[in-house]
Amino acid sequence: MKLAIFSLFLLLTTTQGKSDFGTIEITISETSSEQGVVQVLIFNQEEGWPESLDQAWKMMTLPIENKVAKKTITDVPPGNYAITVFHDHDEDGEIRKNKVGYPLDSFGFSNNPSLLFGVPSFSKCSKRVSADVTTQFDIELR
């Protein structure tokens, strides 16, 4: 009986403080100015990547300070996440594009992949977020 109570005590004390969620820290650098904001879409699935507002896991607007935008998100369920961002100079929530469809506003993707062959895939931009771990996403605008 004493062994069972001791085992239960050990189980409770070793799991105490653990979380089923992870944390994401986002840092967006290389903004051309402090004017405007940075628009962020976070996806936890390939469907809708990289532009669908309806299929994004989370959407947010970040202020720019010292040409950098930062955000920490807690209570993130474990899984794969990819992030797309753009510098919204006029704060209208829409990325400006030229006649061919290429963005005029600075933009970026998590993992800073090559854009030589077009929009990178969700898998190239995604990182695994695990429970009780902070996952850093450093994104450079282009």
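Visitor: What volume of space lies in the largest pocket?
Guide: The largest pocket holds about 550 Å³. The model is a predicted one, and the value is computed from it.

Visitor: Which residues are closest to the centre of that pocket?
Guide: Pro50, Glu51, Thr84, Ile95 and Lys97 are closest to its centre, out of 23 residues in the lining. Strand 2, strand 5 and strand 6 each give two or more residues to the lining.

Visitor: What kind of peptide bond joins tryptophan 49 and proline 50?
Guide: The bond is cis, with omega at about 0°. Proline 50 is in the loop between strand 2 and strand 3.

Visitor: Why is the pair of tryptophan 49 and phenylalanine 109 given the name it has?
Guide: The ring centres are 5.8 Å apart, and the limit for a pair is 6.5 Å. The planes meet at 55°; stacked needs under 30 degrees and edge-to-face over 60. The value fits neither, so the pair is tilted. Tryptophan 49 is in the loop between strand 2 and strand 3, while phenylalanine 109 is in strand 6 (residues 107-109); the two are 60 residues apart, and the pair links distant parts of the chain. Both tryptophan 49 and phenylalanine 109 are buried.

Visitor: What makes the pair of phenylalanine 43 and tryptophan 49 stacked, tilted or edge-to-face?
Guide: The angle between the planes is 80°. The edge-to-face class starts over 60 degrees, so this pair belongs there. The distance is 5.4 Å centre to centre. Phenylalanine 43 and tryptophan 49 are buried.

Visitor: How many aromatic pairs does a search of the whole structure find?
Guide: The search finds six. One aromatic cluster is formed by Phe43, Trp49, Tyr102, Phe107, Phe109 and Phe122.

Visitor: What shows that the charged end of lysine 58 sits over the ring of tryptophan 57?
Guide: The charged end is 5.1 Å from the ring centre, and the cut-off is 6 Å, with a further condition of lying within 35 degrees of the ring normal. Lysine 127 likewise lies over the face of phenylalanine 137, at 5.1 Å from the ring centre.

Visitor: Why is proline 77 called buried, exposed or partly exposed?
Guide: Its relative accessibility is 30%. Buried means under 20% and exposed over 50%, so proline 77 counts as partly exposed. Proline 77 is in the loop between strand 4 and strand 5. Leaving out residues up to four places away in sequence, proline 77 touches Phe21 and Trp57. The C-alpha atoms of proline 77 and valine 129 are 7.6 Å apart, with their positions 52 residues apart in sequence.

Visitor: What class of exposure does aspartate 75 belong to, and why?
Guide: Aspartate 75 has a relative accessible area of 53%. The threshold is over 50%, so aspartate 75 is exposed. Aspartate 75 lies in strand 4, and its phi is positive, about 55°, although it is not a glycine.

Visitor: Why is lysine 67 placed in its exposure class?
Guide: The relative accessible area of lysine 67 is 42%. That lies between 20% and 50%, so lysine 67 is partly exposed. Lysine 67 is also not a glycine, yet has a positive phi of about 65°. Its place is in the loop between strand 3 and strand 4.

Visitor: Which residues does serine 32 touch, leaving out those up to four places away in sequence?
Guide: Serine 32 touches Lys67, His87 and His89. Serine 32 is in the loop between strand 1 and strand 2. With a relative accessible area of 47%, serine 32 falls short of the 50% limit for exposed and is therefore partly exposed.

Visitor: What makes up the largest nonpolar core?
Guide: The core has 19 residues; Ile24, Ile26, Ile28, Val40, Ile42, Ile83 and Val85 have the most contacts inside it. Strand 1 (22-29), strand 2 (37-43), strand 3 (58-63), strand 4 (69-76), strand 5 (79-88) and strand 8 (134-140) each give two or more residues to this core. Apart from this core lies another, of ten residues, including Phe43, Phe86, Phe109 and Phe122.

Visitor: How many helices and strands does the protein have?
Guide: The protein has two helices and eight strands. From the N terminus, the order is α-β-β-β-β-β-β-α-β-β.

Definitions and conventions:
Residues numbered from 1 in each chain as written. Predicted model: local features only at pLDDT ≥ 70, side-chain atom pairs only at ≥ 80, totals over all residues. Heavy atoms only, no water. Core = buried A, V, L, I, M, F, W, Y, C linked by side-chain atoms within 4.5 Å. Buried < 20%, exposed > 50% of the residue type's maximum accessible area, 1.4 Å probe, protein only. Helix = DSSP H or I, 4+ residues; strand = E, 2+ residues; numbered from the N terminus. 1 Å grid on protein atoms, 1.4 Å probe; cavity = no way out; pocket = protein on both sides within 12 Å on 5 of 7 lines; lining within 4 Å. Points joined across faces, edges and corners; volume = space filled by probe spheres on them. Contact = heavy atoms within 4.5 Å.
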